Amino acid sequence: MELSTSPSIWAYGSVWLFFSLLVYFKFSHSDMVLTPALLVYFFLLVLFEWFCHLYLPILLGMVLLSSACFYVLSITSPRKLLPVAGKAVLITGCDSGFGKAAAQRLDELGFKVIATVLDLESPGGKDLRKNCSDRLTIIQMDLTKPEDIKRAQQITKEKTRENGLWALVNNAGYCAHFGDAELSLMSTYRGCMEVNFFGTLEITKALLPMLRSSKGRIVTVSSPAGEHSFPFLAAYGSSKAALSRVMDTFRHELMPWGVKVSVIQPGSYKTGAHDDKSHWERQHKKLLSNLPNELLQEYGEEYISETQNLFFEYGKTACTDFSPVIDSITDAILSENPKVKYYAGKQLWLLYFIGIYLPSSISDNFFKSLFLKGKIMPRALRKQKNTE
Ligand SMILES: NC(=O)C1=CN([C@@H]2O[C@H](COP(=O)(O)OP(=O)(O)OC[C@H]3O[C@@H](n4cnc5c(N)ncnc54)[C@H](O)[C@@H]3O)[C@@H](O)[C@H]2O)C=CC1
Ligand SMILES: C[C@]12CC(=O)[C@H]3[C@@H](CCC4=CC(=O)CC[C@@]43C)[C@@H]1CC[C@@H]2C(=O)CO
């Protein structure tokens, strides 16, 4: 029998051979099971290979088929999880939102949870005490107070004497206010940095000796605002950019110690922060009363109030199902090989694609469009436009 010498047969055949060896290896290590979905994926891969074979140049077809095979392997390989038994996790910011939900989930999974709250009488503080097991401990901790961090470190050492501390979930975060970068008060920039960067760094450093001895995990909830320029979020985004940077530096510096570091990038969710109208009203009044008069005249109070209204309007579109974030936090704690970054939100892939790959003239307008639907311009620019 004469073997075909067609280059495409050899090219695609080599891709299939490599893919088959990988699948065999995964089956033999029970890292993959032959589910109906897997059969459907294999069938679709064959169809895709025919398409490449018939319509694409060999090299492009090989690259696309190889990518499709790796994608199928990645989504069909169940992520190996470590046992929960005996593992203790400290989660910050459990008064509401992701922290409260994550503390509940980890308690249900059987972890020993140490949940820190800013206010022991917060909804999270009350609900966690009421609904969770006696394995859960609640600690009052303000990340801007070193003495609170010291106390939390001591209590954690006592509570984890038997099996050590397996993971730290840096969830607590604060958006002091939103508004144009020029208009944002320095106290807004400092407020965001104090909690999101310095406070989170301080609790991380305080618990790192325990995490190094357990070869455990650091999971930090940052924000896409730290990676893309969302309008009105310069102060908050800058603090999250600093946080993401320091966590990624920890990631590779702690690798030799066996500590794995992951960053969670959530989309927009309707948590305590979004709905805290009294907080935003208070900050709005503080902004108007502290702005230098010439700035207030150039931008106009009506512009600043419109910013607030648009931000509230945007908040109405926020997602109420936190599970993508909680699932990401759980995977980062329990997976044998946690991801470096978790993008926890449905449309985030589009946001990142536009923010990374498209020209700034397009991505700037995309990020502006998130908030600036029909937004008026600063007063001085409106006047300029009217005189043109
Ligand atoms: N909700 C959203 O759309 C998104 C939230 N995030 C981040 O998710 C994390 C959790 O926030 P959410 O649950 O959304 O809001 P949230 O306001 O419900 O929770 C924030 C938590 O941080 C705590 N906190 C605030 N200042 C603190 C301080 N000085 N010391 C200790 N704890 C303090 C609050 O008490 C609260 O428990 C934050 O880091 C936030 O920046 C990131 C992207 C999107
Ligand atoms: C600031 C805050 C949390 C965020 O990071 C989001 C922001 C609303 C706009 C966004 C859309 C996204 O797709 C990514 C996240 C984010 C930048 C949220 C408004 C209030 C939230 C807050 O105060 C968190 O403490």
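Student: Which helices each supply at least two residues of the shell around ligand 1?

Tutor: Three helices do so in this predicted model. They are helix 4 (97-109), helix 8 (234-253) and helix 9. Helix 9 gives the largest share, with 3 residues.

Student: How many residues surround ligand 1, and which are the closest?

Tutor: A residue joins the shell if one of its heavy atoms lies within 4 Å. For ligand 1, that gives 28 residues. Ser96, Asn171, Tyr236, Lys240 and Thr271 are the closest.

Student: What is the make-up of that shell: how many nonpolar, polar and charged residues?

Tutor: Sort the shell by residue class. Around ligand 1 there are 12 nonpolar, 13 polar and 3 charged residues.

Student: Which side chains have an N or O atom at a short listed distance from an oxygen atom of ligand 1?

Tutor: Look for N or O pairs within 3.5 Å. Threonine 271 has a side-chain N or O atom 2.6 Å from a ligand 1 oxygen. For aspartate 95, the side-chain distance to an oxygen of ligand 1 is 2.8 Å. Lysine 240 also places a polar side-chain atom 2.8 Å from an oxygen of this ligand.

Student: What area does ligand 1 expose when taken alone, and what part of that does the protein buries figure cover?

Tutor: The general idea comes from interfaces. Interface size is often quoted as the accessible area lost when the parts come together. Ligand 1 alone exposes 810 Å², and the protein buries 89% of that.

Student: Now ligand 2. How many residues surround ligand 2, and which are the closest?

Tutor: Use the shell rule again. Ligand 2 is surrounded by 17 residues, the closest being Cys175, Ser223, Tyr236, Ala273 and Tyr314. Two of the side chains have listed polar distances to an oxygen of ligand 2: serine 223 at 2.7 Å and tyrosine 236 at 3.1 Å. Alone, ligand 2 exposes 500 Å², of which the protein buries 90%.

Student: Which helices each supply at least two residues of the shell around ligand 2?

Tutor: Helix 9 (272-275) and helix 12 (301-315) do. By class, the ligand 2 shell holds 13 nonpolar residues, 4 polar and no charged.

Student: Let us turn to aromatic rings. How many aromatic pairs are there?

Tutor: Two rings pair if their centres lie within 6.5 Å. The count here is 17 aromatic pairs. Take tryptophan 16 and phenylalanine 19: 6.0 Å centre to centre, with 65° between the planes. That pair is edge-to-face. Both residues lie in helix 1 (residues 7-28), 3 residues apart, about one turn of the helix.

Student: Are tryptophan 16 and phenylalanine 19 buried or partly exposed?

Tutor: The cut-off for buried is under 20% relative accessible area. Phenylalanine 19 is at 6%, so it counts as buried. Tryptophan 16 is at 21%, so it counts as partly exposed.

Student: Why is the pair of phenylalanine 197 and phenylalanine 198 edge-to-face?

Tutor: Check the angle: planes over 60 degrees apart count as edge-to-face. Here the planes stand at 70°, so the pair is edge-to-face, with ring centres 5.0 Å apart. Phenylalanine 197 is buried at 14%, while phenylalanine 198 is partly exposed at 41%.

Student: Which residues do ring pairs link into a cluster?

Tutor: Trp16, Phe19 and Phe42 are linked this way.

Student: Last, the overall layout. Where are the domain bounds?

Tutor: Domain 1 covers 2-76 and domain 2 covers 88-371. Their centres, taken over C-alpha atoms, are 40 Å apart.

Key: Residues numbered from 1 in each chain as written. Chains lettered and ligands numbered in written order. Predicted model: local features only at pLDDT ≥ 70, side-chain atom pairs only at ≥ 80, totals over all residues. Heavy atoms only, no water. Polar contact = N/O pair within 3.5 Å; in protein donor to acceptor, adjacent residues only side chain to side chain. Areas by Shrake-Rupley, 256 points an atom, 1.4 Å probe, with all protein chains shown as cover. Helix = DSSP H or I, 4+ residues; strand = E, 2+ residues; numbered from the N terminus. Nonpolar A, V, L, I, M, F, W, Y, C, P; charged D, E, K, R; others polar. Domains from an automatic or database assignment. Phe/Tyr/Trp six-rings, centres within 6.5 Å; stacked < 30°, edge-to-face > 60°. Buried < 20%, exposed > 50% of the residue type's maximum accessible area, 1.4 Å probe, protein only.
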